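This report describes the fold of one protein chain, from its overall make-up to selected helices and residues. Please consult the sequence and structure shown below while reading.

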Amino acid sequence: MRDTMTALLTPLKQMRLARLFPFRTEIPAGAEEEIRLSRCRVLRGLNFFHFVPQISCGPIAGLCLMRNYPTYGMILCGAVLFLLLVYNICFYAIPPEKLVDTPQSWILRGLNFAFALCWITLPPFVFPYGDANDRVLVAGIMVGLTATTITLMPLPGMGEIIASMLIISCCDALFQAWQIDHGSFYFYIASELAIYLFFVLSLTMAVRALFTAFLVSRYSLEQRNSIVQLLLRNADDDTGDWLWETCASGTLHNVSASLASAFGNSREWLENRIFFDILSELAGPSAFDGDERTGLGRLRQCLDNRIFFRDIVVSGSLHGQQRFWSLSGRPVFQDRTFIGYRGVGTDVTQTHWAQESASFRARHDLLTGLPNRGAFLDDMETYLIEAERTGEAFALLNLDLDGFKQINDRYGHSAGDEMLRKVTVVLSRTLSERHRLYRFGGDEFMLLERQTTPAQASTTATGLINALTNVPIRIGEGVRCAIGLSVGIVLSVGGAERVGSLLEASDLALYEAKSLGGHTHRFYNPELRTVAKRNRDLIRALPEALEEGELGIVYQPFFNTQSQKLCGFEALIRWSHPEYGRVPPERIIQLAEEAGLIHRLGVYVMERACLFAREWQPGLVLSINVSVGQLEAPAFLKDTFRILEKTGFPARCLQIEMTENIFMEPDAATFTLLSRLQDAGISIALDDFGKGFSSLGYLRFFPFSKIKLDGLFVRDMLRESRAASIVRAVVDLSIDLGVAVTAEGVESEEQLSYLKRLGCTEVQGYLLSRPLSPEHTRQFMTTPPVMLASS
């Protein structure tokens, strides 16, 4: 076969085509095995394109020849199908790494040669004496099969030989036909077939050469990268890395002191021991069961196949402690003979546990062990892509506990935490593999149900509700507590919606279930979108409300935690619409931003609040919330100074609160504006710290006067260790930075006492006072709060 290939390649190399496509690529020493394995993988992937032409051409030939050549057609079809069966049995019985350039590969070569022997009988048997239909059949099958010989490209010479056999058979059939009617037409067709064969052979060899060149280039690049990596990683002895080196049999030699220390044995004991066996003993009998996906399994596969590997993490027990090592290595060849491995290892135990812990904490709720909101958003982004590709139907079930607040208030936060844990167990028991449960926070859960229908989603919701309501849950010392569940469901097919839209729809459905008294479920209905109409009406009414002065301002006091003295008031906007009732403050801000009225609203609040605060006792601070949209208004700075001058309110008593969102896209203009406000004597407070886009870097770049800790952490700090840690860290941070810190949302004396012990500067919340109207604010300033005075 090699002589045949040489004879075919010699004239091609002498032509210009050989200059464009070099048909031989020099393979560097040590790369032969890796390139051979790559060819095995390619052959496995191309088998489908080899299988389809054979299984289709055989029956087609048998059916089409049934009229004129029934016996031959049946024999040909049967032979091809039988060979195809034998070929695929052998193909998948041979290990993938032994498909090319091994004794087993000659089985595949022989079977492919047998295919060719079957098909070369077709042209001389049918074409010379067949009718027009028979000749078209022969031409189509032979041309098609010749083209598909490129699928045998990983088997050197096989595709070229079979293509040549098929075309030569066609030329023989044309010669026989010419002897019958002496038409010159047959010589033209034979010439075309010869040209066609030339291009098929050239293309097959060129593709093989280019593919081999690609593999060689990739191997060379990996070798260079590995050398650079090893040099860099061993440049500093303080990194804790260690070199390892084995001979061809896998035994260690030239053992360094660092390697001996890493494995907890002497250099003499490690010398001449098999490297993989040492790792297996450290890992224990249960760590490796032949699974190539494990670190040890991947390492053994690489060592057996003599291929380069990088950063394979293996574990083992050393002196009773679990250790993790990251290993990289490359095979070493001398005169094309494998002489062993050289590599580097690193103890990554601390990094491994830190990553595992951080990954789990970042994606899981520590109270229930369920994936958290962040994990839900990440999972949904990935799942929606898959659902859109497959057209899968799914449902989101928004779960909210009924009666949880009463249990929490009556029995305490520890009982509430226990209830949440037991509710999680109950809910999880009713779910299957199609479900994924998340905890969003508080008493809210989210459930993803895959491959569902409306009826199945309804059944799931009913089962969850019944699981909680039918059997009371015992908490504490056997106290039986009844708990309910409301469920809002949104269905989707194909995942065309965004996660935010699905969550909004599920919230609307949940709200409807709650409004019906709870303990039930409701599906999202497009009619719930009437909320959008409500928003449009409010946007239209907002300019008139500003013009007529219908928006009110209330004032919530904040106090010095230690001295218990009144420090000032925070101005809060209020709006009661004639048709829709009270509009939440945050919604007013959103509506004003959507309507382009945010600057006008800010001027409205600041002017009226400063005018009223002028009546207060000297030294009391007026705190006003400013949104990002207000700061971006060109006239913000000018209008602020104008209002202070007009009302006569001192700038040193004005405090401007802004959220962390201002730093989502920070620029020099933002810091310049804040600096000018501060230079004028106005205090700058960072509101809702830790709630959104927290960045400690901005506390270093800009000297805020105060940090306002979001009430979410204050609410949970006595029952969740993570919230308590955050509160403690923020207070300590403010002390170190020399800025005040205000804790929002203080609703209990326990919270107040805890904050006082931490050293929190100021407190604000319903425990001390709710927001007050201007009239009640005047009265409040003359009467100290009883709850604060007694704490």
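The sections below move from the whole chain to individual helices, and then to single residues.

## Overall composition

The model discussed here is predicted. The chain contains 31 helices and 20 strands. Of its 791 residues, 48% are buried.

Among contacts in the chain with a separation of 6 or more, 65% are accounted for by residues 24 or more positions apart. The chain exposes a surface of about 39,500 Å², and carbon and sulfur atoms supply 56% of that area.

## Helix α3 and its packing against α7

Helix α3 comprises 33 residues, from 32 to 64. At 1.5 Å a residue, α3 should span 48 Å, and its end C-alpha atoms lie 47 Å apart, which agrees with that expectation. The helix nevertheless contains a kink of about 35°, centred on Leu 46.

Helix α7 (residues 132–147) packs with α3 at an angle of about 170°, and the two axes are 11 Å apart. Because angles over 145 degrees count as roughly antiparallel, α3 is roughly antiparallel to α7. On the α3 side, the residues that meet α7 are Pro 53, Gln 54, Cys 57, Ile 60, Ala 61 and Cys 64. Their counterparts in α7 are Asp 134, Leu 137, Ile 141 and Leu 145.

## Helix α5 and its packing against α8

Helix α5 covers residues 105–119, and helix α8 covers residues 158–181. The axes of α5 and α8 come within 9 Å and cross at roughly 10°. Since angles under 35 degrees count as roughly parallel, the two helices α5 and α8 are roughly parallel to each other. From α5, the contact is made by Arg 109, Asn 112, Phe 113, Ala 116, Leu 117 and Trp 119. From α8, Met 158, Ile 162, Met 165 and Leu 166 take part.

Ser 105 belongs to α5. With a relative accessible area of 1%, Ser 105 is buried, because buried means under 20%. Leaving aside neighbours within four places in sequence, Ser 105 is in contact with Lys 98, Leu 99 and Val 100.

## Buried residues in α22 and α28

Leu 601 is located in helix α22, which covers residues 598–613. Its relative accessible area is 4%, and Leu 601 is accordingly buried. Not counting residues up to four places away in sequence, Leu 601 touches Leu 546, Leu 551, Ile 573, Ile 588, Ile 589 and Ala 592. One of these partners, Leu 551, is 50 residues from Leu 601 along the chain, and the C-alpha atoms of the pair are separated by 9.4 Å.

Ser 734 is found in helix α28 (residues 721–737). Ser 734 counts as buried, at 1% relative accessibility. When residues up to four places away in sequence are not counted, Ser 734 touches Val 739 and Val 741.

## Arg 474 in strand β8

Strand β8 covers residues 473–475 and includes Arg 474. At 45% relative accessibility, Arg 474 counts as partly exposed, because that class lies between the buried limit of 20% and the exposed limit of 50%.

Apart from neighbours within four places in sequence, Arg 474 is in contact with Glu 418, Lys 422, Val 479 and Arg 480. Arg 474 and Lys 422 are 52 residues apart along the chain, while their C-alpha atoms are separated by 8.8 Å.

## Loop residues with positive phi

Most residues other than glycine have a negative phi. Against that background, two loop residues may be considered.

Asp 101 has a positive phi, near 55°, and is not a glycine. Asp 101 is found in the loop between α4 (70–93) and α5, and counts as partly exposed at 43% relative accessibility. Arg 306 likewise has a positive phi of about 55° although it is not a glycine. Arg 306 is placed in the loop between α13 (295–305) and β2 (309–318). At 39% relative accessibility, Arg 306 counts as partly exposed.

Terms used
Residues numbered from 1 in each chain as written. Predicted model: local features only at pLDDT ≥ 70, side-chain atom pairs only at ≥ 80, totals over all residues. Heavy atoms only, no water. Helix = DSSP H or I, 4+ residues; strand = E, 2+ residues; numbered from the N terminus. Buried < 20%, exposed > 50% of the residue type's maximum accessible area, 1.4 Å probe, protein only. Contact = heavy atoms within 4.5 Å. Areas by Shrake-Rupley, 256 points an atom, 1.4 Å probe, with all protein chains shown as cover. Expected span 1.5 Å × (residues − 1). Bend = angle between axes of the 7 residues up to and from the residue. Axes fitted to C-alpha atoms, helices over the stretch in contact; angles between N-to-C directions. Parallel < 35°, antiparallel > 145°, perpendicular 65-115°, else oblique.
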